[in-house]
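This report introduces a protein chain to a reader who is new to structural description. Please look at the sequence and the model before reading on.

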Amino acid sequence: NGPRYAEPVPVVLTSYCLRGTTRRGRYVRPGIIAADPSFFPLSRYVELYVGGRYYGRFLVDDTGRKIKGNRIDVWLPTCRESKVFGVRRGTAVLLPRLPELRQAGSPVPPAGPNGRR
């Protein structure tokens, strides 16, 4: 099983530069990572730290054959950047899913059978 929310987990970080779409069918872009979905669930956000320094907030949107357990693959726009990135050790923190925010004027969902929304 994967980490609990807000629990720092040691990870091995690699990177990739492939073009195309992610496991969830979206185009790759900065801020996307590939992870083992049984460890870091798809469509969740993870904050990464490399060498104790904050590296950023990333969306788990992709998977990979070699990405198992506490290994994370960061998408980078060029293969040169990916090669320079190499293999790093870091820490990942799984962020809790935030409640959906509605814009002003958006319809309110209908009440359920017990009167709750």
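Which residue lies over the face of Phe85? Arg88 takes this position, at 4.2 Å from the ring centre. The model considered here is a predicted one, and the report first describes the chain as a whole before it returns to the surroundings of Phe85.

**Overall organisation**

The protein chain contains 1 helix and 6 strands. Read from the N terminus, the order of these elements is β-β-β-β-β-α-β. Of the 117 residues in the chain, 37% are buried. The chain exposes about 8100 Å², and carbon and sulfur atoms supply 53% of that area. Contacts can also be considered by separation in sequence: among those between residues at least 6 apart, 73% join residues at least 24 apart.

**Aromatic pairs**

A pair of aromatic rings is described by two quantities, the distance of the centres and the angle of the planes. The structure holds 4 aromatic pairs, including the two in the table.

| Pair | Arrangement | Centre to centre | Angle between planes |
|---|---|---|---|
| Tyr49 and Tyr54 | edge-to-face | 5.4 Å | 65 degrees |
| Tyr55 and Phe58 | stacked | 5.6 Å | 15 degrees |

The Tyr49 and Tyr54 pair is edge-to-face because its planes are 65 degrees apart, and an angle over 60 degrees receives that name. The Tyr55 and Phe58 pair counts as stacked because its angle is 15 degrees, and stacked pairs have planes under 30 degrees apart.

How exposed are these four residues? Tyr49 is partly exposed, with a relative accessible area of 26%, and Tyr54 is likewise partly exposed, at 46%. In the stacked pair, Tyr55 is partly exposed at 32% relative accessibility, whereas Phe58 is buried, with a relative accessible area of 8%. Tyr55 and Phe58 also belong to one aromatic cluster together with Phe85, the residue whose ring face lies beneath Arg88.

**Ser15 and its contacts**

Phe85 is also among the contacts of Ser15. Ser15 lies in strand E1, which covers residues 8-16. Is Ser15 buried or exposed? Its relative accessibility is 14%, and it therefore counts as buried, since the limit is under 20%. Leaving aside neighbours within four places in sequence, Ser15 is in contact with Asp73, Val74, Leu76, Ser82, Phe85 and Gly86. With Ser82, the side chain of Ser15 makes a polar contact to the other side chain, at 2.7 Å.

Note on methods:
Residues numbered from 1 in each chain as written. Predicted model: local features only at pLDDT ≥ 70, side-chain atom pairs only at ≥ 80, totals over all residues. Heavy atoms only, no water. Helix = DSSP H or I, 4+ residues; strand = E, 2+ residues; numbered from the N terminus. Buried < 20%, exposed > 50% of the residue type's maximum accessible area, 1.4 Å probe, protein only. Contact = heavy atoms within 4.5 Å. Areas by Shrake-Rupley, 256 points an atom, 1.4 Å probe, with all protein chains shown as cover. Phe/Tyr/Trp six-rings, centres within 6.5 Å; stacked < 30°, edge-to-face > 60°. Lys NZ or Arg CZ within 6 Å of the ring centre and 35° of its normal. Polar contact = N/O pair within 3.5 Å; in protein donor to acceptor, adjacent residues only side chain to side chain.
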